[in-house]
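Biologist: Please put the model on screen, and I will ask about it piece by piece.

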Amino acid sequence: MRTLPTTLAWVAEGTALCRKAIADLDETSYRTPSLLPGWTRAHVVAHVAANARALRNLMHWARTGEPTPMYSSPEQRLADIESGAQLPAAWLVAWFEESAQLLTYAMSELTEEQWQAEVLTAQGRTVPAGEVPWMRTREVMVHAVDLDTGVQFADLPEEFLTELRHDIGGKRGHDTGPTVQGSDADITAYLAGRPYTGVTTPDGLPAKPLRPWL
Ligand code: ZN
């Protein structure tokens, strides 16, 4: 069972992983494909930064009661990622850092009561604001791997991987494929629709990839 202190610590840990993943990237490396179809690493960083800004809107909503959606529209969300991905490397790093710090600050401001306030996610789910640190955890942990600079699912905290498998299993519903065997890290990568090795079905055949999630 994840708790608020746990997820807040995971946000910091995942943010540090992303920071490490982009630390040595030059302009050329930013324009190189990530593990996500159609996205360069610059797209991933722009998305992670824009996500922090979007989640800060939800913190504002919880604190003030004023409805402030994550994104003004799905089209705007994609347009911001596209334009953000064109920014020079130094700007991308600065945007990533500033957006992460502002979100951390916004999360530190909420009272216990405000963490219970209901907010609306970009997928249209009504959730308590206390779900936001978990939403951010998923983004920074999984996208640190997507950046394809060396961070792997096996590097992520074991308890996080367990939570993520439950979360994806619940959301995918009947789309989780067959019961599979493999290491915890590889099964998590498989469920997330990310590259994995050594995941097999009960009859010993390689498991077929699922579509990317998140
Ligand atoms: Zn994402």
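The questions below go through the metal site, the cores, the helix packing and some loop residues of this predicted model.

Biologist: Which residues coordinate the zinc ion?

Modeller: The donors follow the spacing H-x91-E-x3-H along the chain. The distance is 2.1 Å, with NE2 as the donor atom of each histidine and OE as that of the glutamate. The coordinating residues are H47, E139 and H143.

Biologist: Which helix holds both E139 and H143?

Modeller: E139 and H143 are 4 residues apart, about one turn of the helix. E139 is buried, and H143 is buried too. The helix, spanning residues 132-146, is α6.

Biologist: Which element gives the most residues to the largest nonpolar core?

Modeller: That core has 47 residues, and those with the most contacts inside it are Y30, F153, L156, F160 and L164. Two or more residues come from each of α1 (4-22), α3 (41-64), α5 (89-108), α6, α7 (158-172) and α8 (184-191). With 7 residues, the element that gives the most is α3.

Biologist: How many residues does the second core have?

Modeller: The second core is separate from the largest one. Among its members are A52, M59, W61 and A62. Its residue count is 20.

Biologist: Are α3 and α5 roughly parallel or roughly perpendicular?

Modeller: The axes of α3 and α5 come within 9 Å, and α3 passes α5 in a left-handed crossing. Residues of α3 including A42, V45, A49 and M59 meet a set in α5 that includes L92, W95, F96 and L103. The axes cross at roughly 25 degrees. Angles under 35 degrees count as roughly parallel, and therefore α3 and α5 are roughly parallel.

Biologist: How are α6 and α7 oriented, roughly parallel or roughly perpendicular?

Modeller: The axes of α6 and α7 come within 12 Å and cross at roughly 110 degrees. That crossing makes α6 and α7 roughly perpendicular. The contact is made by W134, T137, R138, M141 and V142 of α6 with F160, E163, L164, D167 and K171 of α7. The answer on orientation is roughly perpendicular.

Biologist: Which tryptophans is L164 in contact with, leaving aside its neighbours within four places in sequence?

Modeller: L164 is among the residues with the most contacts inside the largest nonpolar core. Leaving aside neighbours within four places in sequence, its contacts include R138, V142, F153 and T188. The tryptophans in contact with L164 are W134 and W213.

Biologist: What is the phi of D148 near?

Modeller: D148 is in the loop between α6 and α7, and at 39% relative accessibility D148 counts as partly exposed. Most residues other than glycine have a negative phi. D148 has a positive value, near 60 degrees.

Biologist: Is Q86 buried or exposed?

Modeller: Q86 is in the loop between α4 (74-84) and α5. Q86 and Y30 are 56 residues apart in sequence, with their C-alpha atoms 9.6 Å apart in space. The relative accessibility of Q86 is 55%, so Q86 counts as exposed.

Biologist: And L110, is that residue buried or exposed?

Modeller: L110 is found in the loop between α5 and β1 (118-120). Leaving aside neighbours within four places in sequence, L110 is in contact with M59, A62, R63, W115 and A129. The C-alpha atoms of L110 and G130 are separated by 9.6 Å, and these residues are 20 apart along the chain. At 9% relative accessibility, L110 counts as buried.

Technical notes. Residues are numbered from 1 along each chain as its sequence is written. This is a predicted model: local features need pLDDT of at least 70, side-chain atom pairs count only at pLDDT 80 or more; totals for chains, interfaces and linings use all residues. Side-chain values use heavy atoms; hydrogens and water are left out. Donors are N, O and S atoms within 2.8 Å of the metal (3.2 Å for Na, K and Ca); water is not among the atoms, so sites may look incomplete. Buried means under 20% relative accessible area, exposed over 50%, partly exposed in between (1.4 Å probe, protein chains only). A nonpolar core is a set of buried Ala, Val, Leu, Ile, Met, Phe, Trp, Tyr and Cys residues joined through side-chain atoms within 4.5 Å. Contact means heavy atoms within 4.5 Å. Axes are lines fitted to C-alpha atoms, for helices over the stretch in contact, and angles run from 0 to 180 degrees between N-to-C directions. Angles under 35 degrees count as roughly parallel, over 145 as roughly antiparallel, 65 to 115 as roughly perpendicular and the rest as oblique. A crossing is left-handed if the near helix is turned anticlockwise from the far one by less than a right angle, and right-handed if clockwise.
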